[in-house]
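Good morning, colleagues. Please take a moment to look at the sequence and the model before I begin.

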Amino acid sequence: MRHTFVAGALLLAGTALHATDVSMAGGSISFSTPDSWVGIMETQGDPEVRVFQVRDPSPTANNSLARVTVTVKQVADVGDFQLYVDTATGKAKSLSGYKAINSVTNTRGPSTFEYTAQENGVQFAYLERYWMKDNHAVQLRCVRPAQSQAGAGWRAEFDKGCEAVSVGLQK
């Protein structure tokens, strides 16, 4: 019986590390993540932030951290939202080795910014999406090594998971 309790506790502890359904901003923002993503940081308040590690099974992971961040901040109006986006994209442009790849600004859907930059000498690919929902600025930021030894399949799964979170956040 004692072993069953310990095994159950370990199973629950392991499950708690894996995010599936996530709710933010008092329940007005929600989404799901793949079970393999591990929640590594969470803040409450304004802004509210959730960070998930996406495990890279290759040696590339020894010096890089693939991650997805969702940030939710209250905004008063569209002007306040645009200021939030401008500030965040300004910070991105100041990253070492910043190089824009693609940028699409939408008035009805998410604005998307793709770029590369360096972190600790490693080239990373960034995808950032911004939109306004229920007087909240929502930022989805997906960051992975530009080149991973895990290969194209892992990169495709990462990108697919990021896209699924984006779709869920917009519902």
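The buried residues of helix α3 are Trp154, Phe158, Gly161, Cys162, Val165, Ser166, Gly168 and Leu169. Here, buried means under 20% relative accessible area, exposed means over 50%, and partly exposed lies in between, with a 1.4 Å probe and protein chains only. This is a predicted model, in which local features need pLDDT of at least 70 and side-chain atom pairs count only at pLDDT 80 or more, while totals for chains, interfaces and linings use all residues. Residues are numbered from 1 along each chain as its sequence is written, and side-chain values use heavy atoms, with hydrogens and water left out.

What covers the buried residues of α3? The cover includes strands β2 (29-32), β5 (67-74), β8 (122-133) and β9, where contact means heavy atoms within 4.5 Å. Helices (H or I, at least four residues) and strands (E, at least two) are DSSP runs, numbered from the N terminus. Helix α3 itself has 19 residues and reaches 27 Å from its first C-alpha to its last, close to the expected 27 Å at 1.5 Å a residue; the expected span is 1.5 Å times one less than the number of residues.

I turn now to the salt bridges. A salt bridge is a side-chain nitrogen of Lys or Arg within 4 Å of a carboxyl oxygen of Asp or Glu, and by this rule the model has 7 salt bridges. One of them involves helix α3: aspartate 159 meets arginine 144 at 3.1 Å, N to O. This pair links distant parts of the chain, with aspartate 159 in α3 (residues 152-170) and arginine 144 in strand β9 (residues 136-145), 15 residues apart. Aspartate 159 is partly exposed, at 37% relative accessibility, whereas arginine 144 is buried, at 13%.

Which residues are joined into one network by salt bridges that share partners? They are Glu42, Glu48 and Arg50. Arginine 50 pairs with glutamate 42, their closest N and O atoms being 3.3 Å apart, and also with glutamate 48, at 3.8 Å, N to O. Both glutamate 48 and arginine 50 are buried, the latter with a relative accessible area of 12%. Glutamate 42, by contrast, is partly exposed, at 48%.

Finally, I come to the surface. Leucine 65, in the loop between β4 (48-53) and β5, is partly exposed, with a relative accessible area of 32%.
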